[in-house]
Amino acid sequence: PEHVPYVRGGYVVVSFDIAGPMPQDDDSDAAFAEAVQAFQRAEGGYVNAAAALDAALAVYPSIDPKRVFAAGHSSAGTLALTFAARDPRVQAVAAFAPVEDVVAWFPPALVQTYETAAPGYRDFLWSTSPSRHRKALAEKPVFLFHAEDDSIVPPKTTARLYEVMEPRHPSTVRKTVPVGDHYDAMIADGLPAAVAWFDSLSPAD
């Protein structure tokens with residue numbers, strides 16, 4: 001459901017796995033520490049995203065390098081924003097209900113648990129936060145979407161990010177809808193709006 005609207009709009013969709021999943025058959029402290037450290041080594045998924053884009057551009061030469069966009073929902077929206085901020089090949093980004101400050105979003109006790117498993121993890125989490133990359137994001141078109149009744153990620157997170165990206169790129173927008181919670185609003189309203197927004201961008205953007 002998150003990919004087909006882009007395909008129908010004529011886009012090539014590249015999906016990828018992110019390093020650091022917990023093994024299904026091992027919930028030990030050692031397995032947890034390895035998962036946390038693997039995610040950290042992958043720079044919060046940035047390494048995985050860059051590798052996926054490398055592969056796509058190599059395999060499909062018809063992809064227009066001037067229209068490479070990133071998109072994601074929730075934690076994947078957070079990654080899409082940081083990926084767009086860090087990789088100059090990404091021309092624009094759409095993020096649905098992302099977290100703008102990862103450290104502040106997690107309970108302090110959970111951050112400490114991660115820190116114990118991988119020393120330096122608190123600083124690493126900040127490095128994956130879109131707020132950390134607000135200056136780079138302000139230079140690119142950004143589409144932020146949120147439902148006002150989101151029960152998982154409060155809509156104030158995208159409001160804060162929109163405010164700190166000042167001065168913003170002229171094509172940057174923040175769209176909200178009154179209902180739809182964390183997921184359904186993205187499917188029903190966010191994706192169609194994002195596809196239309198991507199269509200509106202010229203290579204010069």
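The dialogue below walks through the fold, two helices and some backbone features of a predicted model.

Me: Where should I begin with the protein chain, and how many helices and strands does its secondary structure contain?

Reply: A count of elements, followed by their order, is a plain place to start. In this predicted model the protein chain has ten helices and four strands, and along the sequence they are arranged as α-α-α-β-α-β-α-α-α-α-β-α-β-α. The radius of gyration of the protein chain is 17 Å, close to the 17 Å that the globule rule gives for 205 residues, so the chain is as compact as a globular protein of that length. The C-alpha trace spans about 50 × 40 × 30 Å along its principal axes.

Me: What share of the residues is buried, and what share of the contacts joins residues 24 or more positions apart?

Reply: Burial and sequence separation are two separate readings of a fold. Of the 205 residues in the protein chain, 44% are buried, and among contacts with a separation of 6 or more, 70% link residues that are 24 or more positions apart. As for the surface, the protein chain exposes about 10,400 Å², of which carbon and sulfur atoms supply 56%. The chain carries 16 positive and 26 negative charges, and the mean positions of the two sets lie 9 Å apart.

Me: Which residues of helix 6 are buried, taking the helix as residues 108–117?

Reply: For a helix, one can list the buried residues and then ask how they are placed around the axis. In helix 6 the buried residues are V111, Y114, E115 and A117. They cover an arc of only 165 degrees around the axis, which means that they lie on the same side of helix 6. These buried residues pack against helix 2 (29–41), helix 5 (102–105) and helix 7 (121–127), whereas the exposed residues A109 and T116 are carried on the face of helix 6 turned away from its buried side.

Me: What does the same reading give for the buried residues of helix 9?

Reply: In helix 9 the buried residues are T157, T158 and L161. Because they cover an arc of only 90 degrees around the axis, they fall on the same side of helix 9. Their packing partners are helix 4, strand 3 (142–147) and strand 4, while K156 and E163 are exposed residues on the face of helix 9 turned away from its buried side.

Me: Which backbone values deserve a second look, and where is phi positive in a residue other than glycine?

Reply: Most residues other than glycine have a negative phi, and most peptide bonds are trans. Against that background, E43 has a phi near 55 degrees and S74 a phi of about 60 degrees, both positive in residues that are not glycine. E43 sits in the loop between helix 2 and helix 3 (46–59) and is partly exposed, with a relative accessible area of 34%. S74 belongs to the loop between strand 1 (69–73) and helix 4 (75–86), and its relative accessibility of 19% means that S74 counts as buried, the cut-off being under 20%.

Me: Is the peptide bond from E166 to P167 cis or trans?

Reply: The omega angle is what to read here. For the peptide bond from E166 to P167, omega is near 5 degrees and the bond is cis. P167 is located in the loop between helix 9 (156–164) and strand 4 (173–177).

Me: Where does G10 lie, and how far apart are G10 and D150?

Reply: Sequence separation and distance in space are best stated together. G10 is part of the loop between helix 1 (4–8) and helix 2, and it is exposed, with a relative accessible area of 65%. G10 and D150 are 140 residues apart in sequence, and their C-alpha atoms are 30 Å apart in space.

Terms used
Residues are numbered from 1 along each chain as its sequence is written. This is a predicted model: local features need pLDDT of at least 70, side-chain atom pairs count only at pLDDT 80 or more; totals for chains, interfaces and linings use all residues. Side-chain values use heavy atoms; hydrogens and water are left out. Helices (H or I, at least four residues) and strands (E, at least two) are DSSP runs, numbered from the N terminus. The radius of gyration is taken over C-alpha atoms; the globule rule is 2.2 Å times the number of residues to the power 0.38. Buried means under 20% relative accessible area, exposed over 50%, partly exposed in between (1.4 Å probe, protein chains only). Contact means heavy atoms within 4.5 Å. Accessible areas come from the Shrake-Rupley method with a 1.4 Å probe; for residues, only the protein chains shown count as cover. Lys and Arg count as positive and Asp and Glu as negative; His and the chain ends are not counted. The place of a charge is taken as NZ of Lys, CZ of Arg, CG of Asp or CD of Glu. The arc is that of the directions from the helix axis to the C-beta atoms.
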